[in-house]
Amino acid sequence: MRNLENLYRQVIMEHYKNPRHKGLKGYPHVHLKNPSCGDDITIEADLKDGIVKEINHDGSGCSICCSSASVLSETLSGKSVEKVLELIDKFYEMIKGGEVENEDELEEAMVYQGVSLFPARIKCATISWKALERLLKGENDE
Ligand code: ZN
């Protein structure tokens, strides 16, 4: 278990130091802040024919928040809107410490499983997922 935790921490730090999909390209986006931690994140997505073709992010915050935006962009880009919304719900359930079926579908996002033990950090891990969820439900911060 300890090795698994170390592995998870390594993945999180890797994404924090070398974020994937960072930098906005001008697609519709949603901007969210988490004042209790100082996280400030924007998620944008290129939606076409029911597919989330590309997800990008920008902003600043703690390692949990920034790495989570990177993992989200990499894990969910290219999937259908329907599938992405399903995986977002799955992620929330996992973060709350709930039982999740087929949790391997979350791919690298599984590394945030341990966050359920730190309720104060849940917002950090989910903020980019909340922004994407709003975006897929039609919000767009011009
Ligand atoms: Zn944070």
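**Notebook: zinc site, α2 and the core**

Started at Cys62, which is buried in this predicted model, with a relative accessible area of 14%. I checked that against the cut-off: buried means under 20%, so Cys62 counts.

Next I looked up what holds the zinc ion. Its donors are SG atoms of Cys37, Cys62 and Cys124, plus two OD entries for Asp39, at 2.2 to 2.7 Å. Along the chain I read the donor spacing as C-x1-D-x22-C-x61-C. Asp39 sits in strand β2 (residues 39-48) and Cys62 in the loop between β3 (51-60) and α2, so this pair, 23 residues apart, links distant parts of the chain. Asp39 is buried too, at a relative accessible area of 1%.

Then I moved on to α2, residues 63-76. I compared its length with expectation: 14 residues at 1.5 Å each should span 20 Å, and the end C-alpha atoms are indeed 20 Å apart. The helix is mostly covered, with twelve of its 14 residues buried; I noted Ile64, Cys65, Leu72 and Leu76 among them. Just past the helix, I found Gly78 with a positive phi of about 95 degrees.

Last, the largest nonpolar core. I get 40 residues in it, and Leu76, Phe91, Tyr112 and Leu132 touch the most other members. The elements giving it two or more residues are α1 (2-17), β1 (29-34), β2, β3, α2, α3 (81-95) and α4 (122-136). I followed Leu132 outward: leaving aside residues up to four places away in sequence, it touches Ile43, Ala45, Ile55, Leu72, Leu76, Val84 and Ile88. Nonpolar side chains do tend to be buried together in soluble globular proteins.

Conventions: Residues are numbered from 1 along each chain as its sequence is written. This is a predicted model: local features need pLDDT of at least 70, side-chain atom pairs count only at pLDDT 80 or more; totals for chains, interfaces and linings use all residues. Side-chain values use heavy atoms; hydrogens and water are left out. Helices (H or I, at least four residues) and strands (E, at least two) are DSSP runs, numbered from the N terminus. The expected span of a helix is 1.5 Å times one less than its number of residues. Buried means under 20% relative accessible area, exposed over 50%, partly exposed in between (1.4 Å probe, protein chains only). Donors are N, O and S atoms within 2.8 Å of the metal (3.2 Å for Na, K and Ca); water is not among the atoms, so sites may look incomplete. A nonpolar core is a set of buried Ala, Val, Leu, Ile, Met, Phe, Trp, Tyr and Cys residues joined through side-chain atoms within 4.5 Å. Contact means heavy atoms within 4.5 Å.
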